[in-house]
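Work through the exercises below with the sequence and the structure side by side. Try each task on your own before you read the solution that follows it.

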Amino acid sequence: PYPDQVRVDPWDHRESKGVCWARHRTQLLWQGEEYTLMIDSHMRFVEGWDEKMISELAECASPKPIMTCHPAAYT
């Protein structure tokens, strides 16, 4: 519903040079937004996840905080 908020860098999977290459390509799409989110396809979200993350970031003393995790496995 918000196509102006989404940017895509389409590649055929056979042309991929690996996960780090793909994440780098994704980072090149940044256009100065205050927040960015990089996730993998196997992530799950709870309701209000965005407000919770922004609230946690506000508690960080760093001017450029990074939140990271290793997601739990599921089937």
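Asp9 forms a salt bridge with Arg25, and the closest N and O atoms of the two are 2.8 Å apart. This pair links distant parts of the chain, since Asp9 belongs to the segment before H1 while Arg25 sits in helix H1, 16 residues apart. Keep in mind throughout that the model is predicted.

**Exercise 1. Explain why the contact between Asp9 and Arg25 counts as a salt bridge, and decide whether each partner is buried, partly exposed or exposed.**

Step 1. A salt bridge needs a side-chain nitrogen of Lys or Arg within 4 Å of a carboxyl oxygen of Asp or Glu. With the closest N and O atoms 2.8 Å apart, Asp9 and Arg25 form such a bridge.

Step 2. Buried means under 20% relative accessible area and exposed means over 50%, with partly exposed in between. Asp9 has a relative accessible area of 25%, so Asp9 is partly exposed, and Arg25, at 27%, also counts as partly exposed.

**Exercise 2. Find how many salt bridges the structure holds, and describe the ones not yet discussed.**

Step 1. The structure holds three salt bridges.

Step 2. One of them joins Arg7 to Glu33, where the closest N and O atoms are 2.3 Å apart. Because Arg7 lies in the segment before H1 and Glu33 in the loop between H1 and H2, this pair ties together parts that are 26 residues apart in sequence. Arg7 is partly exposed, with a relative accessible area of 31%, and Glu33 is partly exposed as well, with a value of 29%.

Step 3. Another joins Asp12 to Arg14, with the closest N and O atoms 2.6 Å apart. Here the partners fall into separate classes of exposure: Asp12 has a relative accessible area of 28% and is partly exposed, whereas Arg14, at 67%, counts as exposed.

**Exercise 3. Which aromatic pairs does a search of the whole structure find, and what is the arrangement of the rings in each?**

Step 1. The search of the whole structure finds two aromatic pairs.

Step 2. Trp11 and Trp21 form a pair whose ring centres are 4.9 Å apart and whose planes stand at 80 degrees, an arrangement that is edge-to-face. The pair links distant parts of the chain, with Trp11 in the segment before H1 and Trp21 in helix H1, ten residues apart. Trp11 is partly exposed, with a relative accessible area of 39%.

Step 3. Phe45 and Trp49 form a pair with 4.8 Å from centre to centre and 50 degrees between the planes. Planes under 30 degrees apart would count as stacked and planes over 60 as edge-to-face, so an angle between these limits is called tilted, and that is the class of the pair Phe45 and Trp49. Phe45 is partly exposed at 42% relative accessible area, and Trp49 is partly exposed at 30%.

**Exercise 4. Explain why Cys60 and Cys69 are not joined by a disulfide.**

Step 1. A search of the whole structure finds zero disulfides. Cys60 is in no disulfide, and the nearest cysteine sulfur, that of Cys69, is 14 Å away.

Step 2. A disulfide requires two cysteine sulfur atoms within 2.5 Å. The sulfur of Cys69 is 14 Å from the closest cysteine sulfur, in Cys60, and this is too far for a bond.

Step 3. As for exposure, Cys60 counts as partly exposed at 35% relative accessibility, while Cys69, at 57%, counts as exposed.

**Exercise 5. Describe the largest pocket by its volume, its lining and the helices that contribute to the lining.**

Step 1. The largest pocket has a volume of about 2,300 Å³.

Step 2. Its lining is made of 44 residues, and those that lie nearest the centre of the pocket are Tyr35, Thr36, Leu37, Met38 and Ile39. Sorted by class, the lining contains 26 nonpolar, seven polar and eleven charged residues.

Step 3. Helix H1, which spans 19-27, and helix H2, which spans 49-58, each supply at least two residues of this lining. The largest share, eight residues, comes from H2.

**Exercise 6. Where does Lys52 lie, and how far is Lys52 from Val19 in sequence and in space?**

Step 1. Lys52 lies in helix H2 and counts as partly exposed at 48% relative accessibility.

Step 2. Lys52 and Val19 are 33 residues apart in sequence and, from C-alpha to C-alpha, 27 Å apart in space.

Terms used
Residues are numbered from 1 along each chain as its sequence is written. This is a predicted model: local features need pLDDT of at least 70, side-chain atom pairs count only at pLDDT 80 or more; totals for chains, interfaces and linings use all residues. Side-chain values use heavy atoms; hydrogens and water are left out. On a 1 Å grid over the protein atoms alone, a cavity is a set of points where a 1.4 Å probe fits but cannot get out, and a pocket is an open set with protein on both sides within 12 Å along at least five of seven lines; lining residues have an atom within 4 Å of a point. Grid points are joined across faces, edges and corners, and a volume is the space filled by probe spheres set on the points. Helices (H or I, at least four residues) and strands (E, at least two) are DSSP runs, numbered from the N terminus. Ala, Val, Leu, Ile, Met, Phe, Trp, Tyr, Cys and Pro count as nonpolar, Asp, Glu, Lys and Arg as charged, and the others, Gly among them, as polar. Rings of Phe, Tyr and Trp (its six-membered ring) pair if their centres lie within 6.5 Å; planes under 30 degrees apart count as stacked, over 60 as edge-to-face and the rest as tilted. Buried means under 20% relative accessible area, exposed over 50%, partly exposed in between (1.4 Å probe, protein chains only).
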